[in-house]
Amino acid sequence: MDSFITFDPTGSVEAAAQECAPRVPEIKGSRLAVLNNTKWNASKLLRQSVAQMEELGAKFDSVNFYDKHHFSSDAEPALLDRIAAENDIVLTAIGDCGSCTSSCVNDGIQMELRGLPAAVIVTTEFEREATLQKRAHGMDDLEPVVITHPISSLAPDLLSGRAREVAPQALSIWVTGARPAAGA
């Protein structure tokens, strides 16, 4: 009789807890880094989100745009160091598939470890992936911005609605570390 090998796919992840960066006391006067992961529609969503935040009254000292090499890879450490040196808060997108969600969350964690509060945009379909990724790195308190799926395959004229979802969440996360309560 042939023998069989059975693999158990369950397991546990153990990671040392890591603290998020201190929140900024207010948005006014902050230098905003916008980290585009170069996925289709990411740049448009990020620019419309910044415009939406400014419509809500956010007065940034500066808005600085950065692109990373590929959406499925983590940003290069030198780029993250540069962003940390030139800014106070960071907005990054988009996580609307498996690898780009993991990379966006990893970039957000690295920015938090460099002292910048990060607002990481992921979609509803990949919120669970974002939770698992931040937990695997011991940063359970990193709160993502969660917006309606999809983004990368969305018609450009529909992105403004997604930007309106981003703006209040990002503004709250940078100051409080949490998304605004429903109905707030």
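Pro150 sits in the loop between strand E5 (145-147) and helix H5 (159-176). The peptide bond that leads into Pro150 from His149 is cis, with omega near -5°. Helices (H or I, at least four residues) and strands (E, at least two) are DSSP runs, numbered from the N terminus. You are looking at a predicted model, in which local features need pLDDT of at least 70 and side-chain atom pairs count only at pLDDT 80 or more, while totals for chains, interfaces and linings use all residues. Residues are numbered from 1 along each chain as its sequence is written, and side-chain values use heavy atoms, with hydrogens and water left out.

A cis peptide bond also joins Ala93 and Ile94, where omega is about 0°. Ile94 belongs to strand E3 (residues 89-95).

**The overall layout**

How many helices and strands does the protein have? There are five helices and five strands. Following the sequence from its start, you meet them in the pattern β-α-β-α-β-α-β-α-β-α. The radius of gyration of the protein is 17 Å, close to the 16 Å that the globule rule gives for 184 residues, so the protein is as compact as a globular protein of that length. Here the radius is taken over C-alpha atoms, and the globule rule is 2.2 Å times the number of residues to the power 0.38. Along its principal axes, the C-alpha trace spans about 75 × 35 × 35 Å.

Of the 184 residues, 45% count as buried. Buried means under 20% relative accessible area, exposed means over 50%, and partly exposed is in between (1.4 Å probe, protein chains only). The accessible surface of the protein comes to about 9,400 Å², and 52% of this surface belongs to carbon and sulfur atoms. Such areas come from the Shrake-Rupley method with a 1.4 Å probe; for residues, only the protein chains shown count as cover.

Contacts tell you how distant parts of the sequence meet, and contact means heavy atoms within 4.5 Å. Among contacts between residues at least 6 apart in sequence, 79% join residues at least 24 apart.

**Some residues to find**

Now try locating a few individual residues, listed here with their places and accessibilities.

| Residue | Place | Relative accessibility |
|---|---|---|
| Thr38 | loop between strand E1 (31-36) and helix H1 (42-55) | 35%, partly exposed |
| Asn41 | loop between E1 and H1 | 5%, buried |
| Asp96 | loop between E3 and helix H3 (98-113) | 5%, buried |
| Ser99 | helix H3 | 34%, partly exposed |
| Trp174 | helix H5 | 0%, buried |

Two of these rows have a backbone feature to look for. Phi of Thr38 is near 70°, a positive value in a residue other than glycine. Asn41 is likewise a residue other than glycine with a positive phi, near 80°.

Which residues does Asp96 touch, leaving aside its neighbours within four places in sequence? Its contacts are Lys39, Thr101, Thr123, Phe126, His149, Pro150, Ile151 and Ser152. Two of these, His149 and Pro150, are the partners in the cis peptide bond that opened this report. Asp96 and Phe126 are 30 residues apart in sequence, yet their C-alpha atoms are 6.1 Å apart in space.

Trp174 has a list of contacts too, again leaving aside neighbours within four places in sequence: Arg23, Val24, Ile27, Leu32, Met53, Phe60, Ile89, Val90, Leu91, Pro117, Ala118 and Ala119. Trp174 and Pro117 are 57 residues apart along the chain, with their C-alpha atoms separated by 5.5 Å.

For Ser99, the contacts are Phe71 and Ser72, not counting residues up to four places away in sequence. The C-alpha atoms of Ser99 and Ile83, 16 residues apart along the chain, are separated by 22 Å.

**A space inside**

Rolling a probe the size of a water molecule over the atoms shows where empty space is left. On a 1 Å grid over the protein atoms alone, a cavity is a set of points where a 1.4 Å probe fits but cannot get out, and lining residues have an atom within 4 Å of a point. A search of the whole structure finds one cavity of 30 Å³ or more. The largest cavity has a volume of about 30 Å³, where volume is the space filled by probe spheres set on the points, and grid points are joined across faces, edges and corners.

What lines the largest cavity? The lining is made up of Val105, Val120, Ala130, Lys134, Leu142, Glu143 and Pro144. By class, there are five nonpolar, no polar and two charged residues in this lining. Ala, Val, Leu, Ile, Met, Phe, Trp, Tyr, Cys and Pro count as nonpolar, Asp, Glu, Lys and Arg as charged, and the others, Gly among them, as polar.

Terms used: On a 1 Å grid over the protein atoms alone, a cavity is a set of points where a 1.4 Å probe fits but cannot get out, and a pocket is an open set with protein on both sides within 12 Å along at least five of seven lines; lining residues have an atom within 4 Å of a point.
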